[in-house]
Amino acid sequence: MTTSIPSEADWDYAPGLLEGAMELELTAEQCGLRYWLQAVPQGTLRGRPDGYDPALKVGPHMLQGPFYDAITQEYAFRALAEEKATRVLSFLVASAPDLTSMEFYATQLIDECRHSMVFRNHLLSLGVPVQRLTEAVHEFAAPYVESVLDPLEQRCLEVMRDERDFIGGVVMITVILEGALAPAAELSERKWRPIDPAAAEIDKGAGIDEIRHLTVGADVGRRWLQEHPKDKDRVVAMIRRGMEMWDELPTHDMVYDREVRFQAGLELHADIVGDYEIWPGRRLLDTTPQERQDTADAWSDDMKAKRLKYMGLEDALG
Ligand code: FE
Ligand code: FE
């Protein structure tokens with residue numbers, strides 16, 4: 001029996017995360033549980049239960065030194081962020097106003113839970129002993145758990161758990177969290193590609209899921225606001241507050257730290273990277289931490305603006 005895999009979820013045909021999130025339109029009606037069963041377990045993830053082709057092995061240059069420091073900090077942080085996202089999404093599933101959005105958010109919940117698992121388990125491939133995994137995740141991520149993750153989680157819990165505000169939660173997740181994090185994920189996939197191909201595949205698979213989360217989230221938000229125009233001012237205020245949080249939290253320091261370690265790895269292992277281009281016409285070896293960070297920030301601004309316009313929330317851009 002064959003099942004048809006939609007091209008946006010097909011490993012070989014899916015667009016990149018940024019391109020897909022900017023160009024595609026998907027709805028919760030299209031992306032229900034039945035769609036997910038065919039598109040994701042039997043599509044995107046076929047042959048990649050751990051998020052990457054099992055034939056890919058982690059090279060010795062990843063097992064110690066600056067690349068090890070960069071990826072363990074990054075993946076541990078992302079494993080925890082995805083874990084927290086999974087837990088808060090349960091409140092969005094609970095408060096979904098209809099079966100269509102309930103099904104979609106239930107699939108997103110499993111996607112985020114899977115992301116947490118694959119980021120966490122990649123630490124095993126990097127040599128962390130399995131008995132120490134949970135502890136190691138917390139240690140590697142430690143510098144930015146209290147200062148970045150906890151306040152964002154707290155804000156999500158206020159909106160989704162305490163206020164049971166469905167549309168507030170949708171917008172929080174789509175614009176403030178995933179909208180802002182997606183460009184960092186795209187950067188990650190591009191920069192690890194020649195250095196740790198298994199990691200790049202983990203990022204690619206998560207990115208395919210993310211296209212769905214961002215496009216469906218934007219459609220849910222847009223339609224809700226068309227039907228409930230009175231909610232608009234409240235949602236705009238919520239987005240502004242979320243964007244302010246993003247500016248106040250040390251997210252820039254976190255990404256910069258990561259990029260500095262990555263840079264030290266590039267200098268040590270230039271032979272592995274060779275002439276690989278991180279984006280057309282630009283060799284990864286010629287980039288700097290600031291340049292990579294600025295590029296991801298510019299992608300983030302573009303994506304935020306486009307998403308907000310699509311939902312009719314351009315007022316939030318101030
Ligand atoms: Fe995720
Ligand atoms: Fe997501």
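Before anything else, let me fix one term: a residue is buried when its relative accessible area, taken with a 1.4 Å probe over protein chains only, is under 20%, exposed when it is over 50%, and partly exposed in between. What I am showing is a predicted model, in which local features need pLDDT of at least 70 and side-chain atom pairs count only at pLDDT 80 or more, while totals for chains, interfaces and linings use all residues. Residues are numbered from 1 along each chain as its sequence is written, chains are lettered from A and ligands numbered from 1 in the order in which they are written, and side-chain values use heavy atoms, with hydrogens and water left out.

Let me begin with the metals. Donors here are N, O and S atoms within 2.8 Å of the metal (3.2 Å for Na, K and Ca), and since water is not among the atoms, sites may look incomplete. The iron ion (ligand 1) is coordinated at 2.1 to 2.5 Å by E82 (OE), E82 (OE), E112 (OE) and H115 (ND1), and in sequence those donor residues follow the spacing E-x29-E-x2-H. The pair E82 and E112 links distant parts of the chain, with E82 in helix α3 (residues 66–95) and E112 in helix α4 (residues 99–125), 30 residues apart. By helices I mean DSSP runs of H or I of at least four residues, and by strands runs of E of at least two, numbered from the N terminus. Both E82 and E112 are buried.

As to geometry, four donors count as tetrahedral if all angles lie between 85 and 135 degrees; four count as square planar and six as octahedral if opposite donors are over 155 degrees apart and all others between 65 and 115; anything else is irregular. The four donor atoms of the iron ion (ligand 1) give angles of 55 to 135°, and the site is irregular.

What, then, are the protein donors of the iron ion (ligand 2)? They are E112 (OE), E178 (OE), E210 (OE) and H213 (ND1), lying 1.9 to 2.4 Å from the ion, and the angles among these four donor atoms run from 90 to 154°, which makes this arrangement irregular. The sequence spacing of the donor residues is E-x65-E-x31-E-x2-H. Because E178 lies in helix α7 and H213 in helix α8, the pair ties together parts that are 35 residues apart in sequence. E178 counts as buried at 9% relative accessibility, and H213 counts as buried at 1%. The two sites meet at E112, which coordinates both the iron ion (ligand 2) and the iron ion (ligand 1), the ions being 3.4 Å apart.

Now to the helices themselves, where the expected span is 1.5 Å times one less than the number of residues. Helix α8 (residues 197–227) has 31 residues and should span 45 Å, and its end C-alpha atoms are indeed 45 Å apart; of those 31 residues, 25 are buried. For its packing, axes are lines fitted to C-alpha atoms, for helices over the stretch in contact, with angles from 0 to 180 degrees between N-to-C directions. On that basis α8 and α12 pack at about 35°, with their axes 9 Å apart. Contact, meaning heavy atoms within 4.5 Å, is made here by L214, T215, A218, D219 and R222 of α8 and by M303, R307 and Y310 of α12.

Helix α10 (residues 251–268) passes the span check too, since its 18 residues should cover 26 Å and its end C-alpha atoms are 26 Å apart. Its buried residues include M254, V255, F262 and L266, and what covers the buried residues includes α3, α6, α7 and α12 (289–310).

Two individual residues deserve a word. K304, in helix α12, is buried, with a relative accessible area of 17%, and beyond its neighbours within four places in sequence it is in contact with V175 and M243. V118, in helix α4, counts as buried at 3% relative accessibility, and, with the same neighbours set aside, V118 is in contact with D50, G51 and I202.

I will finish with R164, in the loop between α6 (145–162) and α7 (166–192). Most residues other than glycine have a negative phi. R164 has a positive phi, near 45°, and at 52% relative accessibility R164 counts as exposed.
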